[in-house]
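Student: Hi! I'm new to this one and would love a friendly walk through it. Can we look at it together?
Tutor: Happy to, here it is.
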Amino acid sequence: MRDFAYARPTRPLEAVELVARDTDASFMAGGTDLLNLMKDGAENHGLVVDISRLPLADVEVTGGRLRIGSMARMADVALHPVVRKSVPVLSQALLAGASPQIRNMATIGGNLLQRTRCWYFRGADFACNKREPGTGCAALEGRNRWHAILGGGDHCIAVHPSDLAVALRALDATVHTLGPDGARVISMADFHREPGDTPHVENALRHGELITAVEVALPAAGTRQRYLKVRDRASFEFAVVSVAAVVHMNGRRVDSARLAFGGIATRPWRSAELEAELRNGPLTQDTIARCGELLVRDARPRQDNEFKVELVQRALQDVLGRFSGGSR
Ligand code: SF4
């Protein structure tokens, strides 16, 4: 690993200024992903700015909105009483992610920025447009069981690995930042990017821009919520497919439905068509089956991951089927 300088500022603006003026600098929060990336050679930085001590770890409710500081630890947010009671899909997604040890260190902001688990990205000997733009993509003809069936292309098919991001996408969260040009708010829909022909650009942040918080509107009482993660082993593994559902029902009819999917796409995935199909109708097995078909209509599976096309439909069926049966 390359030598690097280290700084630990105490104020957010100080951290922003340190990174903004050095193109070779990176923020580090819990360090659970960045240090591995640096050891693997997938990232190299001359300056690491440790932001873990910044006063950005509060979790608070104001005016029906939940605001979670970016330095809050995954474990603390998952077990927060308001999160467990009012936003269980968020708590479930956090507890499904990583191991207890990592959840005690990793932060909310860092989790949103964790990088893909594509093994070619993390192995410096392979062609990878995300690690080195223009070199190619070893996954296209290589081992791609874990890769995307939606949102990819000819330059990159890596899946975004965050469970938290999938739940936040279903909740229509906003990401709050502080950068060299001041503060701004980015919707989760605009935060993560599809690779296009620039797979190394993964999100809407500018260099030196720091995530300060995420916010969600608390769902109305009675809203059904669930995060289902299908993975190869229950102890500690990334999603093969996942579903985050936030659905409000009036009897057996759906008032509103927000569904996001992980493990199948290059970013946390939503389908406006699927949600429109559900809205204002009864939640029947036929409706659920049509939704599954809409979800995968444009899927482009590769040689090792065609099974995801059926698996994600079955996961959706499981989640919505329980709602139609009246259990929460
Ligand atoms: Fe790199 Fe993306 Fe291809 Fe993986 S899928 S090798 S991250 S370009």
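Student: Which residues touch the most other members in the largest nonpolar core?
Tutor: They are Leu90, Leu112 and Leu168, in a core of 37 residues. A nonpolar core here is a set of buried Ala, Val, Leu, Ile, Met, Phe, Trp, Tyr and Cys residues joined through side-chain atoms within 4.5 Å. Buried means under 20% relative accessible area, exposed means over 50%, and partly exposed is in between, with a 1.4 Å probe and protein chains only.

Student: Before we go on, what kind of model is this?
Tutor: This is a predicted model, where local features need pLDDT of at least 70, side-chain atom pairs count only at pLDDT 80 or more, and totals for chains, interfaces and linings use all residues. Residues are numbered from 1 along each chain as its sequence is written, and side-chain values use heavy atoms, with hydrogens and water left out.

Student: Back to the core, then. Which elements give two or more residues to the largest nonpolar core?
Tutor: Among them are strand E5 (65-69), helix H3 (74-78), helix H5 (88-96), helix H7 (108-112) and helix H9 (163-170). Helix H10 (188-191), strand E8 (210-217) and strand E10 (241-250) are on that list too. H9 gives the most to this core, with six residues. Helices (H or I, at least four residues) and strands (E, at least two) are DSSP runs, numbered from the N terminus.

Student: What does Leu112 touch?
Tutor: Leaving aside neighbours within four places in sequence, Leu112 is in contact with His160, Leu164, Ala165, Leu168, Val175, Met188, Phe191, His192 and Val214. Contact means heavy atoms within 4.5 Å.

Student: How many residues are in the other core?
Tutor: That core, which lies apart from the largest one, has 31 residues, including Val241, Ala257, Leu274 and Val312.

Student: New topic: which residues come nearest to the ligand?
Tutor: Cys118, Cys128, Cys137, Cys156 and Ile157 do, out of 15 residues around the ligand. A residue counts as near if one of its heavy atoms lies within 4 Å of the molecule.

Student: And what classes make up that shell?
Tutor: The shell around the ligand has 11 nonpolar, three polar and one charged residues. Ala, Val, Leu, Ile, Met, Phe, Trp, Tyr, Cys and Pro count as nonpolar, Asp, Glu, Lys and Arg as charged, and the others, Gly among them, as polar.

Student: Let's try single residues. Is Ala78 buried or exposed?
Tutor: Ala78 is buried, because its relative accessible area is 0%. Ala78 is part of helix H3, and beyond four places in sequence it touches Arg84, Ser91, Leu94 and Leu95. Ala78 and Gln92 are 14 residues apart in sequence, with 7.3 Å between their C-alpha atoms.

Student: Where is Thr107?
Tutor: Thr107 lies in the loop between H6 and H7. With 2% relative accessibility, Thr107 counts as buried. Past the neighbours within four places, Thr107 is in contact with Ala29, Gly30, Ser70, Met71, Ala72, Arg73 and Met74. The C-alpha atoms of Thr107 and Met74 are separated by 5.5 Å, though the two are 33 residues apart along the chain.

Student: What about phi: which sign does Ala98 have, positive or negative?
Tutor: Ala98 has a positive phi of about 60 degrees although it is not a glycine. Most residues other than glycine have a negative phi. Ala98 is in the loop between H5 and helix H6 (100-105). Asp172 also has a positive phi, of about 55 degrees, and is found in the loop between H9 and strand E6 (174-179). Asp172 is partly exposed, at 42% relative accessibility.

Student: Last one: what does Glu60 touch?
Tutor: Not counting residues up to four places away in sequence, Glu60 touches Arg65, Leu66 and Arg67. Glu60 is in strand E4 (residues 59-62) and is partly exposed, with a relative accessible area of 38%.
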